[in-house]
Amino acid sequence: MKKRCGLTRLMALGMAVLLMLSGGCGRQGALGQKEIRIFLSLNEMDTFRQTLVDAATVKAEQEGAVLDVGDAHGSIETQVEQLKQAAAQGYDVILCSAVSTDTAVQLKMSAGDIPIVFFNSCPDEKYLEAGRYVYVGSDEAVAGQFQAEYALSKLAGKQEINVVLIKGPRDHSATMGRTNGVKQALEESGKTIHYVFEDSANWDTEQARELFELFLRTGAEADCVICNNDAMALGVLEAGRSAGLDFSDLPVLGVDATADGCEAISAGEMAFTVYQSGKGQGEAAVEMAIRLAGGGDTKDMEGITEDGRYVWVDFEKVDGSNVSSYGK
């Protein structure tokens, strides 16, 4: 998808947060209705989040809404200030990828009366409320479950399985959800599971490469390597390739179905990934934002849970049999 940073007016924000706004009270649409103004506060940009922001931008344009984007660059203080400024400037609704889900109460207070659609990083359910504070994303435990199911199918002949687990940031909801999903499915299999190495590489390829090199130096045996995302799986592959490992005997699994991850599957190195639709999440987040801003009904939204606090965008399994349909 073509980058649309110019259209989203992506802003680098420091201690002073500058919002490039289109007018204090909002412009009037063709039929005289007030345009819905959405502010998107991003925790930090990466490839997946860029896809999500691009999709949100296109969806907002299609719906006649204004979308402004601010990147908090991993700073809690910057994100809090962004939401305060968005409230002061009279935005109708906020999309928020929280730098830390522990700040959910502070973020809600900063937004005042403005509804918030959380995405990418999920606060605890006690901070969500139907029609006001909603999370749009994918059920992270399902991604972990899919990984475990694949590993179990490939290692069906083993009663004991040695697992290397490379995780994302320790306080990220996706890390916790994916890791818990993997462990629960593995441990419910009836097999004996040994976690021979487990550490965090913070979604980063280089950190994952260094961690897997450290594991290899221990001389311990592994039957599979399960990573919370594709970028870290690629780091494992780099380290394994340098060590002369045969990946047909060591399944390496990721999540996201990035272009590089899918290429690694096509090359016969990475075994499996899980497609997370950044496009689907971005579109659903904007749809929910527009409904909340307009006081509309959300009960008929695709993927919404019965309690109205979550909108789930489905994960999809990706391996050598279907990888040609992904990563483009």
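Student: In which hand does helix α7 pass helix α8 in this model?

Tutor: This is a predicted model, and in it α7 passes α8 in a right-handed crossing. The contact is made on one side by Thr205, Ala208, Arg209, Phe212, Glu213 and Leu216 of α7, and on the other by Ala231, Met232, Leu234, Gly235, Val236, Glu238, Ala239 and Gly240 of α8. Sorted by class, the residues of this contact are eight nonpolar, three polar and three charged.

Student: At what angle do α7 and α8 pack, and how should I name that arrangement?

Tutor: Helix α7, residues 205–218, packs against helix α8, residues 230–242, at an angle of about 45°, and their axes lie 7 Å apart. An angle of 35 to 65 degrees is neither roughly parallel nor roughly perpendicular and counts as oblique, and therefore α7 is called oblique to α8.

Student: Which residues of α5 and α6 meet where these two helices cross?

Tutor: It helps to begin with the geometry: the axes of helix α5 (residues 140–154) and helix α6 (residues 173–187) come within 6 Å and cross at roughly 40°, and α5 passes α6 in a right-handed crossing. From α5 the contact takes in Glu140, Ala141, Ala143, Gly144, Gln145, Gln147, Ala148 and Leu152, while α6 brings Ser173, Ala174, Gly177, Arg178, Gly181, Val182, Ala185 and Leu186. The classes here are eight nonpolar, six polar and two charged residues.

Student: How do I read a single residue of α6, and is Thr175, for example, buried or exposed?

Tutor: One looks at the relative accessible area, where a value under 20% means buried. Thr175, which has its place in helix α6, has a relative accessible area of 4% and is therefore buried. When neighbours within four places in sequence are left aside, Thr175 is in contact with Lys167, Gly168, Pro169, Trp203 and Asn228.

Student: Where do the buried residues of helix α9 sit around its axis?

Tutor: In helix α9, residues 259–266, the buried residues are Gly261, Cys262, Ala264 and Ile265. These four cover an arc of only 155° around the axis, so they are on the same side of α9. On the other side of α9, Glu263 and Ser266 are exposed.

Student: What covers the buried residues of α9, and what comes just after this helix?

Tutor: The cover includes helix α8, together with the strands β11 (273–275) and β13 (316–318). Just after α9 comes Gly268, which takes a positive phi of about 80°.

Student: How far apart in sequence and in space are Leu292 and Arg132?

Tutor: The two kinds of distance have to be read separately, since Leu292 and Arg132 are 160 residues apart in sequence, yet 6.8 Å apart in space from C-alpha to C-alpha. Leu292 is found in helix α10, residues 278–293, and is buried, with a relative accessible area of 9%. Not counting residues up to four places away in sequence, Leu292 touches Pro115, Ile116, Val117, Gly131, Arg132, Val134 and Thr298.

Student: What share of the contacts in the protein with a separation of 6 or more joins residues 24 or more positions apart?

Tutor: Such residues account for 71% of those contacts. To complete the view of the protein, there are ten helices and 13 strands, and of its 328 residues, 52% count as buried.

Definitions and conventions:
Residues numbered from 1 in each chain as written. Predicted model: local features only at pLDDT ≥ 70, side-chain atom pairs only at ≥ 80, totals over all residues. Heavy atoms only, no water. Axes fitted to C-alpha atoms, helices over the stretch in contact; angles between N-to-C directions. Parallel < 35°, antiparallel > 145°, perpendicular 65-115°, else oblique. Left-handed = near helix turned anticlockwise from the far one by under 90°. Contact = heavy atoms within 4.5 Å. Nonpolar A, V, L, I, M, F, W, Y, C, P; charged D, E, K, R; others polar. Buried < 20%, exposed > 50% of the residue type's maximum accessible area, 1.4 Å probe, protein only. Arc of directions from axis to C-beta.
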